[in-house]
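This report goes through the chains of one model, their contact and their interior. The sequence and structure come first.

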Amino acid sequence: MTKRQQRMTAVAALVLGIGVAAALAFTAFRKNMMYFYTPTDLVAQAVPAGAKIRLGGLVVAGTLQRGEGLDVRFTVADCEQSVPVRYSGILPDLFREGQGIVATGRVGPDGVFMADEVLAKHDENYMPPELAEKLVAADGRHSCAEFSRPVMGRRPAIADRPSQS
Amino acid sequence: MIPELGHFALLAALAVAIIQGTFPFVGVWRRDARLMAVGVSAAQAQFVLILIAYACLTWAFVERDWSVAYVAANAHSQLPLMYRISAVWGAHEGSMLLWVLILAGWSAAVSLFSRSLPADVQAQVLAVLGALAVGFLLFILLTSNPFDRIFPVPEDGRDLNPLLQDPGLVIHPPLLYMGYVGFSVAFAFAIAALIGGRLDAAWARWTRPWTTLAWLFLTLGITLGSWWAYHELGWGGWWFWDPVENASFMPWLVGTALIHSLAVTEKRGLLKSWTVLLAILAFALSLLGTFLVRSGVLVSVHAFATDPARGVFILTFLAVVLGIAFALYAWRAPRFAADGELQWLSREGLLLLNNVFLVIAAAAVLIGTLYPLVIDAFGLGKISVGPPYFNAVFIPLTAPLVLFVGLASAVGWKRARWPEVWPRIRLALFIALGVGVCLPWLLHRHIQPAAVAGAFLALWTLIMACEEPWRRWRARGRRGIAQIPRAVWGMTVAHIGLGVWVLGLTFVTLYHIERDVRLGPGQSAEVGAYRFELQSVTPRPGPNYDADQALVVVTRDAEVIARLKPERRRYRAQGTVMTEAAVDHTPLRDLYVALAEPLEGGDWALRIYFKPMMRLVWLGGVLMAIGGLLAASDRRYRLARWAAHPAARIDGVPA
């Protein structure tokens, strides 16, 4: 091969490689991209059926119920709307009522969010950043009164309002 | 008083770093040997000064000086001494101090062990390292001073993040930083080559041991981080494709490409500008990693806004360093002429191919890490891409890579022909195929195509890694083995490590069993062939935490295999709860139990995992690092050897 041919083969191989990589990356992106929703978003706009999304909100005090085995149900809310969540598995160490969480999963036909995974960060006052942006006022407090008292501990507090809707 | 001394030492180090970053350049420009020599003493003085500053901060931690804001935020009166010492790098300010300490350490090492370098090259390398130190010292002094005092003095500290109170995490960050920062030496050599216009076999020979050392530290750091996550995070994962992990993995991929292209540059005088580009990229990705982890962008693009000074500083620094580096590259690199031609079926051809795969894989990881940030920054929505994205892209890219690794060791330099290569690989190919099909069946009685492919690739790499020692043994017997240089042993061991890693990765990914269960005392669960019985959960106080400790007895065919004691700890200072998993391991399988949350009626939630060949993943990483150590300690690097190769000099530039 001459030098020129050689360089052309190299360039062709590189372009092909990058092309394949880009194709792989974009298909993988399209399949695995998850959008973030707040409960208000979820009520306001329909999620494509079966699409995997991330739902962020505050766990409403007094809504945590345990069922058979590791089944749990709780309600996640922001200031305006709330969404029931069903999950089977181990909740993170820092899961607390009144605290912010992010759940990954799909919306079921009955409107219940079926979570595959529930995340809470290692911080007592943690709120998912996406949610904090929507809920927290400039002074660092939650903008809605319901959650302004941090609820400590796992024990279900006597809820003065079971759930708002 | 002591903290002020530390602060003062840092200021003095900045002054020395400014001298180190300028005088040698002037010396090279004016051809003044005395000015050039300033770099050596400046590098050593800077190291001593930063070491003093570092010792002062450590002293403040050991003595529990709560008047220092950083100490108060990251220690507690009950924190054991070991963790008070490691808490120095437990958060932002101190870890940046560790960063500059290591940077100064690398430059001091260059000043001590590169006496054989020509004076002008050494001067330029040290000057580049000095200039980098100026940037980082300014960053610490202007935006994140660890010696800041706090008033009123708190009564007790807020304690070190419990996640970091683990022996693994004591040495993980220093190892990782040794790697990250170590690439600055390769970067400095690359810049010196661009400025001086000298890029020949000798240059590659000086750069290689430094790069290999940095790479092996990074390898160890990543391996240890993975091991730590597995034990400490309590969910049994060992790699999450988390942005922080990606930040260390991208420089590793490019660094791996770099050590291989340096070999081509040294042996064949080819791929010169590519090597220089990789050296710049490896360091660029290290800096980018620092920016991602340290600016807070990863938590949220908006966390960036909570302390804009830091993020803006690092971003500006990144832009300046890379701007200068790439401008120099664009200007000078086209003049590096290759000393020969490149054939595809030759070792250098295959190494180039591997390089391309490694760089593309790094690019795919980069896209997956940065794309969500970019989308968010432009307000186009909040998305995330999880591990499925990375697996879908990364695995198809690395599988051919692994295939070529084996092939390259059977192919000689310059040019090869298939008729020569085929007999060398034939046997290995058939053995790897045969065993690859049998292994999943023998171990798990269940064959999956992916498992066969993975086992084949792993065995192929393992067998071909031993090809060179085997060939030498057949040709000259024991004497042939004794004459193998350490560099070749290093390559062999590192490639065996790769094979072991692929094997572990394949089996643990495809045959693991994970079960989350609810158990009361006396109840048991079956996972695979094993039976896990929860016998009791008892309280057990620790130095700065209170724990619940479970006793889980594992039996197989009514025979007791292990008694595991996982813990759930509540740290007193912050009230944080941490899971301490218990693992029983053999080379072929891990039994992993983590105690999760207490449920009603005395029941507990437990995570019970069966992980086949988990140890091999880390063993592979350790073997790669050992290989790196062998290669870096090859005696030809230690010989003072400086032969002028005028071939690669840029015309008209004085040497």
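The text below takes up chain A, its contact with chain B, the cores, the domains of chain B, three helices and a set of strands.

The model is predicted.

**Chain A**

Chain A contains 3 helices and 7 strands. Read from the N terminus, its elements follow the order α-β-α-β-β-β-β-β-β-α. Of the 165 residues in chain A, 31% are buried. When contacts in chain A between residues at least 6 apart in sequence are considered, 55% of them join residues at least 24 apart.

**Contact between the chains**

Chain A brings 29 residues to the contact, and chain B brings 36 residues. On the side of chain A that touches chain B, at least two residues come from each of α1 (3-32), β1 (33-37) and α3 (129-135). The most is given by α1(A), with 11 residues. By character, this side of chain A consists of 16 nonpolar, 6 polar and 7 charged residues.

Strand pairing also links the chains: β1(A) and strand β1 (residues 383-385) of chain B run antiparallel and are joined by 3 bridges. Within this pair, A:Tyr35 is placed opposite B:Ile383 in β1(B).

**Nonpolar cores**

In soluble globular proteins, nonpolar side chains tend to be buried together. The largest nonpolar core in this model has 200 residues, and those that touch the most other members are B:Val100, B:Leu103, B:Ala186, B:Val254, B:Ala279 and B:Ala364. Helix α7 (residues 167-196) of chain B is the element that gives the most to this core, with 18 residues. Leaving aside residues up to four places away in sequence, B:Leu103 touches B:Leu129, B:Leu132, B:Ala133, B:Phe136, B:Val181 and B:Ser184. Another core, of 48 residues, lies apart from the largest one; A:Tyr37, A:Leu70, B:Val517 and B:Phe610 are among its members.

**Domains of chain B**

Chain B is divided into domain 1 (1-160), domain 2 (166-413), domain 3 (414-511) and domain 4 (513-615). The centres of domain 1 of chain B and domain 4 of chain B, taken over C-alpha atoms, are separated by 43 Å. Between these two domains, 6 residues of domain 1 of chain B are in contact with 5 residues of domain 4 of chain B. The side contributed by domain 1 of chain B divides into 2 nonpolar, 2 polar and 2 charged residues.

**Three helices of chain B**

Do the spans of these helices agree with, or depart from, those expected at 1.5 Å a residue? The table sets out the values.

| Helix | Residues | Length | End-to-end C-alpha distance | Expected span |
|---|---|---|---|---|
| α1(B) | 2-30 | 29 residues | 42 Å | 42 Å |
| α6(B) | 119-143 | 25 residues | 36 Å | 36 Å |
| α12(B) | 308-332 | 25 residues | 35 Å | 36 Å |

For α6(B), the distance between the end C-alpha atoms agrees with the expected span, and for α1(B) the reach is close to the expected value. The reach of α12(B) is likewise close to what is expected.

Just after α1(B), B:Arg31 has a positive phi of about 50°. Helix α6(B) is mostly covered, with 20 of its 25 residues buried. In α12(B), the buried residues are B:Arg310, B:Ile314, B:Val321, B:Ala325 and B:Arg332. An α-helix has 3.6 residues a turn, so residues three or four places apart point the same way.

**Strands of chain B**

Strand β5 (residues 545-556) of chain B pairs with several strands. With strand β4 (residues 530-541) of chain B it runs antiparallel, joined by 10 bridges. In this pair B:Thr538 stands opposite B:Gln549 in β5(B), and the hairpin of β4(B) and β5(B) has 3 residues between the strands.

Strand β6 (residues 559-564) of chain B pairs with β5(B) in the antiparallel sense over 5 bridges. B:Val552 has B:Leu564 in β6(B) as its bridge partner. The hairpin of β5(B) and β6(B) has 2 residues between the strands, and in it B:Asp557 takes a positive phi near 50°.

Strand β7 (residues 567-571) of chain B is also antiparallel to β5(B), with 5 bridges joining them. Here B:Asp548 is partnered by B:Arg568 in β7(B).

A further hairpin is formed by β9(B) and β10(B), with 2 residues between them. Strand β9 (residues 582-586) of chain B and strand β10 (residues 589-598) of chain B are antiparallel and share 5 bridges. B:Ala582 lies opposite B:Val593 in β10(B).

How values were computed: Residues numbered from 1 in each chain as written. Chains lettered and ligands numbered in written order. Predicted model: local features only at pLDDT ≥ 70, side-chain atom pairs only at ≥ 80, totals over all residues. Contact = placed C-beta atoms within 7 Å. Helix = DSSP H or I, 4+ residues; strand = E, 2+ residues; numbered from the N terminus. Nonpolar A, V, L, I, M, F, W, Y, C, P; charged D, E, K, R; others polar. Pairing = 2+ DSSP bridges. Core = buried A, V, L, I, M, F, W, Y, C linked by C-beta atoms within 7 Å. Buried ≥ 20, exposed ≤ 12 C-beta atoms within 10 Å, placed from the backbone. Expected span 1.5 Å × (residues − 1). Domains from an automatic or database assignment.
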